Amino acid sequence: YIRNCCLKDSNIVSWGPGLYIHRKHVTIDNKSIRVVNNAIAEIIKRFNSGIPELKIDLIYSENTEVFSARGVPNANALYALIRAHGDKRIIADDFPTLCDAKVGRDKRRIQEVVSDYIREEGGAVSRQKLINFFCIQRGWKEYVLSQMLNRESNLIILANSDVIHKNNCTI
């Protein structure tokens, strides 16, 4: 409840898990703004490559040292700075997800996203391909992907760890 109230107030930003700070206490110098702008450019580059949605952790983890050196201590803080200094191309209203405004927010549940992807592949999909698509390219946590694969009733995990959608099975 407190988190939602804080996130609705544009003067309060999340600066880490359970840590909220008033915008006037966030001091960002020109070098830090440049680092945030570089992150924004990287996000837009990924959107332009066809990735419509990604997690902020992906961007932060690729340059942790640079962000930390510029006073951006974690992915929450980077997300807050992107919201504050962002680009109209980036939808940043549901931490930790960043969406391409040209495409819009995907309203499907995470299970539906995974299930639809596997169904659209038309056959068995290797776990490595799923990790590449969801974790490496979009920044999902591997444990989240694993949970979705195990929970989704339309998916069958094969003995070799490949995953197939029930609609793609032929008996």
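Let me begin with a term: a residue is called buried when its relative accessible area is under 20%. The model we are looking at is a predicted one, and I will use that cut-off several times as we go through it.

With that in hand, take helix α5, which spans residues 75–85. The buried residues of this helix are A75, N76, A77, L78, Y79, A80, L81 and I82, and because they make up eight of its 11 residues, α5 is largely enclosed by the rest of the structure. At the start of the helix, a side-chain oxygen of N74 comes to within 3.1 Å of the backbone nitrogen of N76.

Two of those α5 residues, L78 and I82, bring us to the largest nonpolar core, which has 26 residues and in which I56, I59, F67, L78, I82, I90 and L98 touch the most other members. At least two residues of this core come from each of α2 (30–48), α3 (56–62), α5 and β4 (90–94). I59 gives a good view of the surroundings, since, leaving aside neighbours within four places in sequence, I59 is in contact with A39, E42, I43, R46, L54, F67 and L78. There is also another core, lying apart from this one, with 15 residues that include I131, C135, M148 and L149. As general background, nonpolar side chains tend to be buried together in soluble globular proteins.

M148 and L149 also appear in a helix pair, so let me turn to that. Helix α6 (residues 110–121) packs against helix α8 (residues 142–151) at an angle of about 75°, the two axes being 10 Å apart. Because angles from 65 to 115 degrees count as roughly perpendicular, that is how α6 stands to α8. On the α6 side the residues that meet the partner are I110, Q111, V114 and I118, and on the α8 side they are V144, L145, M148, L149 and R151. By type, the residues of this contact divide into seven nonpolar, one polar and one charged.

Next, a charged residue: is D100, in strand β5 (residues 97–100), buried or exposed? With a relative accessibility of 3%, D100 falls under the 20% cut-off and therefore counts as buried. Its side chain and that of R89 are joined by a polar contact of 2.6 Å. Beyond the neighbours within four places in sequence, the residues in contact with D100 are F47, P52, R89 and I91.

V125, in the loop between α6 and α7 (127–136), is likewise buried, with a relative accessible area of 2%. Again setting aside neighbours within four places in sequence, V125 is in contact with Y117, I118, L130, D162 and V163. I118 is one of the α6 residues that meet α8.

I will finish with the backbone, where the general expectation is that most residues other than glycine have a negative phi and that most peptide bonds are trans. Where, then, is there a cis peptide bond? The bond from F95 to P96 is cis, with omega near 5°, and P96 is found in the loop between β4 and β5. The other point is S161, which has a positive phi of about 80° although it is not a glycine. S161 sits in the loop between β6 (155–157) and β7 (163–165), and its relative accessible area of 32% makes it partly exposed.

Note on methods: Residues numbered from 1 in each chain as written. Predicted model: local features only at pLDDT ≥ 70, side-chain atom pairs only at ≥ 80, totals over all residues. Heavy atoms only, no water. Buried < 20%, exposed > 50% of the residue type's maximum accessible area, 1.4 Å probe, protein only. Polar contact = N/O pair within 3.5 Å; in protein donor to acceptor, adjacent residues only side chain to side chain. Contact = heavy atoms within 4.5 Å. Helix = DSSP H or I, 4+ residues; strand = E, 2+ residues; numbered from the N terminus. Axes fitted to C-alpha atoms, helices over the stretch in contact; angles between N-to-C directions. Parallel < 35°, antiparallel > 145°, perpendicular 65-115°, else oblique. Nonpolar A, V, L, I, M, F, W, Y, C, P; charged D, E, K, R; others polar. Core = buried A, V, L, I, M, F, W, Y, C linked by side-chain atoms within 4.5 Å.
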